[in-house]
Amino acid sequence: MRILCTNDDGIHAPGLKVLEEIARALSDDVWVVAPELDQSGVSHSLSLNDPLRLREVGPRHFAVRGTPTDCVIMGARHILGAKLPDVVLSGVNKGRNVAEDVVYSGTIAGALEGTILGLPSFALSQEFSVETRDRPLWDTARKFGPDILRKVIAAGIPKDTVINVNFPACAPEDVLGIRVTRQGKRNLGFLRIDERRDGRGNPYFWIGFERTAMMDTPADGTDLAALRERYVSVTPLRLDRTNEAFSEALSATLK
C-alpha cells in the first residue's frame, strides 16, 4: 500500500512525524509532501497566482511552498510518478478539527483533495487542553491511529467521503473508546476580533476565539461530545454538500 502524507502545520511539525509513524505501521511505501510553512486555516485554497516551489528535504520527503491542497496534487500528480497513492493521510494536526473547524481547516482540506482525486483519505487531529497545549499527548494518536485506519480501509470508504479522526486530549490509557459521530456545532460567538496598536499607534487586528463560548455543552452524538467524554471521534464527511431535503422544497417553490 502506497501512502501519501501531508498536513497544514508545515514540513517540520511534530504531528507530521507522528503521522508518518502511523503510516509506517501500515506500509513501508510512505511519502511525505507537506507545506514549507504553517498553513493552518487556509481551508481548500489552491495557489493559482503564485508558482509552487518544491524542495526535497530527505528521501521521499518534500516541502512545497503552497497549501495542503497544492501538496496533495503535487504529490499525486507529479512526485509519485505513474503510481498513485492508495491512501492519503493529513495531519496529525496540533489541535482538534471538529464542528465548524472542518470548513476552515487545511488538515481537512488535504484529505478532501485526496477524496476528490478518488483516493481513500483521512484527516487526523490531536486535541490539546490548556495543560497540554505546549506538549500535546501524541501517544494517543500513535496508539489508536493505526488500528482505526486498518479497520476503515478494510471496510471500504465511499468515493465522496473523507474520514475525520480526532483524538481526545488525554493519555491513551484514559481513552474510553471510539465513537462514530456527526459534525457538531458551536455557539456562534466563539470567534472574536482582537484589536491592538502597533509602535506608531496604528490599529491592527487578530482573529481570536472566546473560550467561554466554546465550552457550551455539545449535543449528543457529535464530534464535540465524543472528545469531551474522552472518546476518539470518527466522522465521515461528505464531499457533496447538497441539502437534499431543502432542494426538493426549493424545487416546488421555484416551479
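Biologist: Let me start with a pair of side chains: which residue forms a salt bridge with Asp-194?

Modeller: A good place to begin. Side chains of opposite charge can pair when their charged atoms come close. Here a salt bridge is a side-chain nitrogen of Lys or Arg within 4 Å of a carboxyl oxygen of Asp or Glu. Asp-194 pairs in this way with Arg-196, and their closest N and O atoms are 3.0 Å apart. Before we go on, keep in mind that this is a predicted model, where local features need pLDDT of at least 70, side-chain atom pairs count only at pLDDT 80 or more, and totals for chains, interfaces and linings use all residues. Residues are numbered from 1 along each chain as its sequence is written, and side-chain values use heavy atoms, with hydrogens and water left out.

Biologist: Are Asp-194 and Arg-196 buried or exposed?

Modeller: Neither word fits, as the scale has a middle class. Buried means under 20% relative accessible area, exposed means over 50%, and partly exposed is in between (1.4 Å probe, protein chains only). Asp-194 is partly exposed at 21%, and Arg-196 is also partly exposed, at 39%. Elsewhere, salt bridges with shared partners link Glu-100, Asp-101, Lys-185 and Arg-186 into one network.

Biologist: How many salt bridges does the structure hold?

Modeller: There are 17. One of them joins the side chains of Glu-21 and Arg-142, at 2.9 Å from N to O. Glu-21 belongs to helix 1 (residues 14-24) and Arg-142 to helix 5 (residues 138-155), so this pair ties together parts that are 121 residues apart in sequence. For the element names, helices (H or I, at least four residues) and strands (E, at least two) are DSSP runs, numbered from the N terminus. Glu-21 is partly exposed, with a relative accessible area of 41%, and Arg-142 is partly exposed at 31%.

Biologist: What does Glu-229 meet in a salt bridge?

Modeller: The partner is Arg-179, with 2.5 Å from N to O. Glu-229 sits in the loop between helix 7 and strand 11 (231-238), while Arg-179 is in strand 8 (residues 177-180), so the pair ties together parts that are 50 residues apart in sequence. Glu-229 has a relative accessible area of 32% and is partly exposed; Arg-179, at 31%, is partly exposed too.

Biologist: Now for helix packing: at what angle do helix 2 and helix 4 pack?

Modeller: Two packed helices are described by the angle between their axes and the distance between the axes. The axes are lines fitted to C-alpha atoms, for helices over the stretch in contact, and angles run from 0 to 180 degrees between N-to-C directions. Helix 2 (residues 68-79) and helix 4 (residues 106-116) pack at about 30°, and their axes are 8 Å apart. That makes helix 2 roughly parallel to helix 4, a word used for angles under 35 degrees (over 145 is roughly antiparallel, 65 to 115 roughly perpendicular, and the rest oblique).

Biologist: And which residues make the nonpolar surface patch?

Modeller: Patches are made of residues with over 30% relative accessible area and no salt bridge; like charges are joined within 9 Å, and nonpolar side chains (Val, Leu, Ile, Met, Phe, Trp, Tyr) within 5 Å. The accessible areas come from the Shrake-Rupley method with a 1.4 Å probe, and for residues only the protein chains shown count as cover. In this model, Val-103, Tyr-104, Leu-191, Ile-193, Phe-205, Ile-207 and Phe-209 make a nonpolar patch of about 740 Å². Helix 3 (101-104), strand 9 (191-197) and strand 10 (203-209) are the elements that give two or more residues to this patch. Strand 10 gives the most, with 3 residues. Phe-205 is in strand 10 and counts as exposed at 51% relative accessibility.

Biologist: What is the relative accessible area of Asp-223?

Modeller: Asp-223 is buried, at 1%. Asp-223 is found in helix 7 (residues 223-228). Gln-183 is 40 residues away from Asp-223 in sequence, yet their C-alpha atoms are 5.7 Å apart in space.

Biologist: Finally, the backbone: where is the cis peptide bond, and what is the phi of Arg-60?

Modeller: The cis peptide bond joins Gly-91 and Val-92, with omega about -15°. Val-92 lies in strand 5 (residues 87-94). Arg-60 has a positive phi of about 60° although it is not a glycine, and Arg-60 is found in the loop between strand 3 (54-58) and strand 4 (61-64). Arg-230 has a positive phi near 70°, in the loop between helix 7 and strand 11.
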